[in-house]
Amino acid sequence: MTRREFAKYLARDMNCPCGCLGREDTYVPQHRINRGIGGSKVLDRPANIIVLCSAVNGLIESNADIAAQARVYGWKLQRWQVPEEVPVFDRVTGEWFTLDNDFHRVIQERKAA
């Protein structure tokens, strides 16, 4: 991912949806569906990537309880799910939204998690 592409994700996501309000220099791209080792570049599309702080990103990959919560919030998806259809919860704004592949958020009507 180039710096220019990452800047688009930062502009779209505005913060880490976990609510940590971490520093921007700790933000990293998170694939909602893992690409796997040598995985398909099809999963590099904008709807499949969100910005998270590096701490939460690491916990999603190493802590089963945090990973389960990330699936509830749409931060992490199962292989069979479609990123453009599964809403993401932003704990900072309290909003659910879907992501498109043009770097946009579409706010959804859904009760907070």
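**Salt bridges and the nonpolar core**

In this predicted model, Arg105 is buried, its relative accessible area being 17%, a value that falls under the 20% limit applied to buried residues. The side chain of Arg105 meets that of Asp90 in a salt bridge, with a distance of 3.2 Å from N to O. Because Arg105 belongs to strand β5 (residues 105–108) and Asp90 to strand β3, this pair ties together parts of the chain that are 15 residues apart in sequence. Asp90 likewise counts as buried, at 0% relative accessibility.

The structure holds four salt bridges, and another of them joins the side chains of Glu61 and Lys76, again with an N to O distance of 3.2 Å. Here Glu61 lies in helix α2 (residues 54–62), whereas Lys76 is found in the loop between α3 (64–72) and β3 (88–90), so that the contact ties together parts 15 residues apart in sequence. The two partners can also be described by their accessibility: Glu61 is partly exposed, with a relative accessible area of 46%, while Lys76, at 7%, counts as buried. Since the buried class ends at 20% and the exposed class begins over 50%, the value for Glu61 falls in between.

A further salt bridge is formed by the side chains of Asp13 and Arg12, for which the N to O distance is 2.6 Å. Asp13 counts as buried at 2% relative accessibility, and Arg12 is buried as well, with a relative accessible area of 5%.

Turning to the nonpolar residues, it is a general tendency in soluble globular proteins that nonpolar side chains are buried together. In the present model the largest nonpolar core has 22 residues, and those with the most contacts inside this core are Tyr27, Leu52, Val56 and Trp75. At least two residues of the core are supplied by each of α1 (3–13), β2 (49–53), α2, β3 and β4 (95–99). The largest share comes from β2, which provides five residues.

For Leu52, one of the residues with the most contacts inside the core, the surroundings can be listed once neighbours within four places in sequence are left aside. Leu52 is then in contact with Cys16, Pro17, Thr26, Tyr27, Val28, Gln30, Asn57, Ile60 and Trp75. Among these partners, Tyr27 and Trp75 are themselves named with Leu52 as residues with the most contacts inside the core.

Conventions: Residues are numbered from 1 along each chain as its sequence is written. This is a predicted model: local features need pLDDT of at least 70, side-chain atom pairs count only at pLDDT 80 or more; totals for chains, interfaces and linings use all residues. Side-chain values use heavy atoms; hydrogens and water are left out. Buried means under 20% relative accessible area, exposed over 50%, partly exposed in between (1.4 Å probe, protein chains only). Helices (H or I, at least four residues) and strands (E, at least two) are DSSP runs, numbered from the N terminus. A nonpolar core is a set of buried Ala, Val, Leu, Ile, Met, Phe, Trp, Tyr and Cys residues joined through side-chain atoms within 4.5 Å. Contact means heavy atoms within 4.5 Å.
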